[in-house]
Amino acid sequence: MESKLFTPYKLGPVTLRNRTIRSAAFESMGRNFEPTRQLKDYHVSVARGGIGMTTVAYAAVCRSGLSFEKQLWLRPEAIPALRNLTDAVHREGAAVGIQLGHCGNMTHFTTAGQIPIGASSGFNLYAYTPVRKMRKSEILQVSKDFGKAVETAYESGFDEVEVHAGHGYLISQFLSPYTNHRHDEYGGSLPNRMRFMQMCLNEVMEKAAQKNMAVVVKHNMYDGFKGGIEIPESIEIAKEIEKFGVNAIVLSGGFVSKAPMAVMRGLIPTYTMSYYSPWWLRLFVRWCGPFMIKQFPFEECYFLEDAKKFRAALQGPLIYVGGLVSREGIEKALNAGFDCVQMARALVNDPAFVNKLREGDEHTRSGCDHRNYCIARMYSVDMKCCHNCENLPKKIWDELNKLP
């Protein structure tokens with residue numbers, strides 16, 4: 001079968017030069033909620049390395065959706081710096097998208113400017129914060145903020161927006177019975193739990209149509225634990241997303257506040273994570289981390305068998321993401337009926353990975369070994385591969401070298 005990897009792909013109104021997309025993995029390279037030179041340089045390097053489209057991660061649609069100072073906030077003040085980034089990526093021949101989201105119960109007072117809000121009240125043990133149930137007026141306002149964010153993305157030069165409806169962020173918190181305990185029209189039955197998602201997609205699709213932008217939705221196939229969303233219910237949600245006419249659905253999984261490694265797979269180097277954590281959190285991470293974070297073994301294409309169930313049930317374009325580190329794995333996903341592939345860690349290891357795939361044979365493989373150093377430092381420093389770091393402490397290398 002002739003490969004379609006390096007054939008152009010029309011993602012709605014946007015034509016990609018090939019079928020590869022840099023997934024929206026948090027770079028942790030912003031400052032004061034705006035992009036930095038480091039963030040621009042990273043995405044330019046990925047574009048220069050041959051990617052079809054690169055996606056800037058974790059852009060909050062409003063102040064209440066911010067978890068980190070290094071996260072982006074899509075507002076008019078950020079447009080000049082964002083335009084500088086998108087212009088630079090376009091000069092390298094790649095398209096550029098931005099992920100829209102709201103962190104919900106994983107925000108913090110210091111960044112969000114208020115007590116974190118979510119589908120239901122409670123306490124988020126993983127974010128160490130109380131959470132307040134959203135009022136109906138807030139639900140309406142945040143859905144409109146998604147639409148306003150599309151307009152800001154357009155003014156900033158982006159070709160595409162990716163709506164984050166997975167991984168335990170706000171839309172996912174309404175969808176999942178684990179975090180949605182409401183007794184009004186936004187809770188209980190699946191149609192009720194989908195209502196907020198529908199409101200957000202209505203706003204996004206209306207504004208994107210006006211601006212001729214592509215829209216992709218990141219969707220959870222499952223949450224990764226008992227009491228969360230499972231595949232049968234998730235397929236029904238995906239069918240509802242399709243009805244909005246989105247240009248593609250990215251099939252992912254996991255809940256970062258409870259089952260983060262269901263998203264990324266592999267082992268977590270807990271000493272390394274504690275090393276980069278705030279002083280007050282270090283001992284807790286070192287001693288409790290292995291018990292609180294469920295491990296999911298890594299294998300290439302780890303979502304593929306489950307994603308095939310969605311491919312069989314859905315009609316529209318689908319994007320595969322999850323553990324792609326070789327030409328062989330990418331071809332396997334494309335040959336299974338997926339229109340494009342997303343990857344992140346292979347491009348953190350080597351931004352030129354796509355060009356090397358083009359130049360090499362069909363067995364070309366990334367240098368990423370999934371010891372997950374990049375994830376252990378991601379939220380505290382930036383997302384960087386251990387193989388690209390100089391002068392790492394000996395204890396960190398000792399831990400990484402012990403991981404299988």
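In this predicted model, strand S10 (residues 122–124) supplies the largest share of the lining of the second largest pocket, namely three residues. That pocket has a volume of about 240 Å³, while the largest pocket has a volume of about 1,000 Å³. A search of the whole structure also finds four cavities of 30 Å³ or more, and the count of salt bridges comes to 25. The points below take up the pockets, a surface patch, the cavities and the charged pairs.

**Second largest pocket**

- The second largest pocket, with its volume of about 240 Å³, is lined by 14 residues, and those closest to its centre are Asn-105, Phe-123, Asn-124, Tyr-178 and Thr-179.
- Sorted by class, this lining holds five nonpolar residues, eight polar residues and one charged residue.

**Largest pocket**

- The volume of the largest pocket is about 1,000 Å³. Its lining comprises 34 residues, of which Phe-68, Tyr-126, Tyr-128, Leu-281 and Tyr-379 are the closest to the centre.
- Two or more residues of this lining come from each of helix H9 (261–264), helix H11 (279–292) and helix H16 (373–378).
- Helix H11 makes the greatest contribution to the lining of the largest pocket, with six residues.
- The lining of the largest pocket divides into 25 nonpolar, seven polar and two charged residues.

**Nonpolar surface patch**

- Phe-123, Leu-125, Tyr-128 and Phe-284 make a nonpolar surface patch of about 390 Å².
- Two members of this patch also appear among the residues closest to a pocket centre: Phe-123 in the second largest pocket and Tyr-128 in the largest pocket.
- Tyr-128 is placed in the loop between S10 and strand S11 (129–133).
- Tyr-128 has a relative accessibility of 36% and therefore counts as partly exposed.

**Largest cavity**

- The largest cavity contains about 390 Å³ of space.
- Its lining consists of 30 residues, and nearest its centre lie Ser-23, Ala-25, Val-263, Met-264 and Ala-344.
- The elements giving two or more residues to this lining are H9, strand S16 (340–343), helix H14 (345–349) and H16.
- Helices H9 and H16 thus recur, as each gives two or more residues to the lining of the largest pocket and to that of the largest cavity.
- By class, the lining of the largest cavity has 19 nonpolar, nine polar and two charged residues.

**Second largest cavity**

- The volume of the second largest cavity is about 90 Å³. Its lining has 13 residues, with Cys-368, Asp-369, Asn-372, Cys-374 and Cys-385 lying nearest the centre.
- H14 and H16 are the elements that give two or more residues to this lining, and H14 provides the largest share, three residues.
- Six nonpolar, four polar and three charged residues make up the lining of the second largest cavity.

**Salt bridges within helices**

- Side chains of opposite charge can pair when their charged atoms come close.
- Asp-41 and Arg-37 form a salt bridge in which the closest N and O atoms are 2.9 Å apart. These two residues are four residues apart in helix H1 (residues 37–48), so about one helical turn separates them.
- Within this pair, Asp-41 is partly exposed, with a relative accessible area of 35%, whereas Arg-37 is exposed at 59%.
- Lys-309 and Asp-306 form a salt bridge with their closest N and O atoms 3.3 Å apart. Because they lie three residues apart in helix H12 (residues 304–313), Lys-309 and Asp-306 are separated by about one helical turn.
- Lys-309 is partly exposed, with a relative accessible area of 44%. Asp-306, at 18% relative accessibility, counts as buried, because the class is set at under 20%.

**Buried pair and salt-bridge network**

- The side chains of Arg-377 and Asp-382 meet in a salt bridge with an N to O distance of 2.7 Å, and both of these residues are buried.
- Glu-34, Arg-75 and Glu-77 are joined into one network by salt bridges that share partners.

Terms used:
Residues are numbered from 1 along each chain as its sequence is written. This is a predicted model: local features need pLDDT of at least 70, side-chain atom pairs count only at pLDDT 80 or more; totals for chains, interfaces and linings use all residues. Side-chain values use heavy atoms; hydrogens and water are left out. On a 1 Å grid over the protein atoms alone, a cavity is a set of points where a 1.4 Å probe fits but cannot get out, and a pocket is an open set with protein on both sides within 12 Å along at least five of seven lines; lining residues have an atom within 4 Å of a point. Grid points are joined across faces, edges and corners, and a volume is the space filled by probe spheres set on the points. Ala, Val, Leu, Ile, Met, Phe, Trp, Tyr, Cys and Pro count as nonpolar, Asp, Glu, Lys and Arg as charged, and the others, Gly among them, as polar. Patches are made of residues with over 30% relative accessible area and no salt bridge: like charges are joined within 9 Å, nonpolar side chains (Val, Leu, Ile, Met, Phe, Trp, Tyr) within 5 Å. Accessible areas come from the Shrake-Rupley method with a 1.4 Å probe; for residues, only the protein chains shown count as cover. A salt bridge is a side-chain nitrogen of Lys or Arg within 4 Å of a carboxyl oxygen of Asp or Glu. Buried means under 20% relative accessible area, exposed over 50%, partly exposed in between (1.4 Å probe, protein chains only).
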